[in-house]
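Hi everyone, thanks for coming. Please bring up the viewer so we can look at this one together.

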Amino acid sequence: MAHQRVALWAAEPDLDDDNDADVDIPIPIPSSTNEMYDDPNLQLDEGSLQAMQQHIAQQAAFEQIPDIVKRFIVHFHQAVLDNNLQEVTLAYESGWTRLTEKYYAKTEWPEAETIAPLVNDDQIFLILYRELYYRHVYSRLQPNVDDRFHSYENSCELFNYLLNSDGPVPLSLPANWLWDIIDEFIYQFQSFALFRSRPASKTDDELTMLGSEGGAQAWSSYSVLNVLYSLIQKSRVNEWLKARAEGKSDEEIEEIAGEYGTKPLYRMLGYFSIIGLLRVHVLLGDFTLALKVMENVGLGQKAPFTAPTAVHVSTAYHAGICYFMLRRIPDAARVFTGVLNWVMRARQYHTRSYQYDQINKTADRMYAMLALCHVLAPTRLDDNVMNIVRERYGDQIGRMGRGEEGLSTFEELFLYACPKFICANSPPYDDPAALASMIIPPTPTSPSSQNPGGDPTQRHLQAASSHFMSLTPVPSLKSLLKLYTSLDAQKLTGFLDTSGAGVDEEEVLSWMMVMKNAGRCVGRVNTSGTAANGEKDNDEGSRPSESLLGGEWMSISDLNFNMVHIAESTVGRRYAGWFIRNSEHAARVLDGIKASPLPPRTAPTQVQKKSADGPKGESLPRATGQKVAWGGVKVA
């Protein structure tokens, strides 16, 4: 029977055939409906009339559903009931996508209440169906305020079922669907936060809904974080990952994971929730905490199970954003390069995936971020990846290398590549006066009438732009310093002051200090590629056991500042005083010599007396001749 169900809707010829046999699905219709219409004394209250009109509308909508879609929903529901993971995966990745392209590319799928008779009003399946329904609305159509609130209510029902049931729920879903549930949950939270942050464009009905008690609680940061942390705690995925890293046995790991952690459904939801927390903290601007929650997962490590490609891409993208905003540019570049290399190698496997477009969009953003990393901190990266970067963003890199002229290009590329940051707090919709002060445009008398919080994306853009502007003198300095082994600061100032702008030596020295500071940063990779304990770096330039926030100071510049020039500080002599003191001393010595008496005259010694008493026959030295140094006489 299972093979017959798959053949009915999954085969491609059947999907394109509009003349299939009708599906006979019994729909409960009240038997006394016609008799009620024939009764002239019948009086219906407003509630009954609305219910009857809604029932008639649902019947009309049900009749408009194509038969192949009805069959698909019936068999999809049966596969979920049977926990047939293969059929559920096939229906989710293939059937839903193909039927969407054919029948619902520009319109909504039938509402859950309309298709409820097809699935015997199974509330669990209807919750899963609404999750797909609202994801289609967000991706293909423009959601209204009702869709945003209803999607939040459906997400709450789904997670309440998973977290608050008595024991693990008997449900088996593929990893791709579980990741999409977490990913879509965060995306809808981000979309609602951006929608909520623009009060000037809201209608009166939207302002009323957002100002209500339910509007303040819908898609709040607390509720989203609470869901993700609850899934992590329920599944004990962090303890499970630690036990695996420590090499514990399977029995010990199962005992540590507990009742929920041993179930693949909860284990994968907990693992994907860690990746979701990384994304949420990045959107909220807490980059340090975003990397902190990834301590047990790490970067560049193999997933403990077969995870979708989108999981690896999302992890690397948001981790790279964290490193970039923390000004650890080499770490960001290595993370981007590692995952882009992996995506290029695995391109043949995800080309036909329904996530192919999203993966390509994220990969293109990472190429743009690599271009920014190359401008801020040029390092040696993979040639294949850098060739693509230069091919796509070579002109932008050239403009950004000209200093202040490239600021607009830098901002444009950053706004394209960065995520849409959000604010954790909503505007004061419950306070009309405070909200009106935000909506009214600023005037010269009240320039502070704008939102004091501002746009989070603009705040992060200003931080990145200030870092870029501080490095604008660096390219010119590098181009000059590479021509010399030693260069006087005054001569360097003359080279830089070609336009006569009045650049002084102190300013050039400050630029040199900026360049020196820009050439060093904290990084997770040293030049040897091996840690002190002998652990080698992986493909992404990081060590599996190393903390994502750890690292050491490293040089990232091609100019070395290792030569130390020692100039002794001495006080200059005062030559006038030195000459005066020595002249006075010479005068005193001369006066002392003049004042001293002459020495007495001594009698001459008799030199010849000794020679007279000498041996006989020994001749005396000649009196004539030149006297030599040792007292003798040199014979002529």
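I'll talk about a cavity, then a serine, then a helix.

First, some ground rules: this is a predicted model, where local features need pLDDT of at least 70 and side-chain atom pairs count only at pLDDT 80 or more, while totals for chains, interfaces and linings use all residues. Residues are numbered from 1 along each chain as its sequence is written, and side-chain values use heavy atoms, leaving out hydrogens and water.

Let's start with empty space. A cavity is a set of points on a 1 Å grid over the protein atoms alone where a 1.4 Å probe fits but cannot get out. Searching the whole structure gives three cavities of 30 Å³ or more, and the largest holds about 80 Å³, a volume being the space filled by probe spheres set on the points. Among its lining residues, which have an atom within 4 Å of a point, are Arg130, Tyr134, Ser151 and Glu184.

Now find Ser139, in helix H8; helices here are DSSP runs (H or I, at least four residues), numbered from the N terminus. Is Ser139 buried or exposed? It counts as exposed, because its relative accessibility is 55% (exposed means over 50%, buried under 20%, with a 1.4 Å probe and protein chains only). A polar atom of its side chain lies 3.0 Å from the backbone oxygen of Arg135.

Finally, helix H23 covers residues 407–417, with Thr409, Phe410, Leu413, Phe414 and Ala417 buried. Down the axis of H23, these buried residues fall within an arc of 130° (taken from the directions from the axis to the C-beta atoms), so they line one face of the helix.

Notes
Helices (H or I, at least four residues) and strands (E, at least two) are DSSP runs, numbered from the N terminus. On a 1 Å grid over the protein atoms alone, a cavity is a set of points where a 1.4 Å probe fits but cannot get out, and a pocket is an open set with protein on both sides within 12 Å along at least five of seven lines; lining residues have an atom within 4 Å of a point. A polar contact is a pair of N or O atoms within 3.5 Å; within protein, one must be able to donate a hydrogen and the other to accept it, and residues adjacent in sequence count only if both atoms are side-chain atoms.
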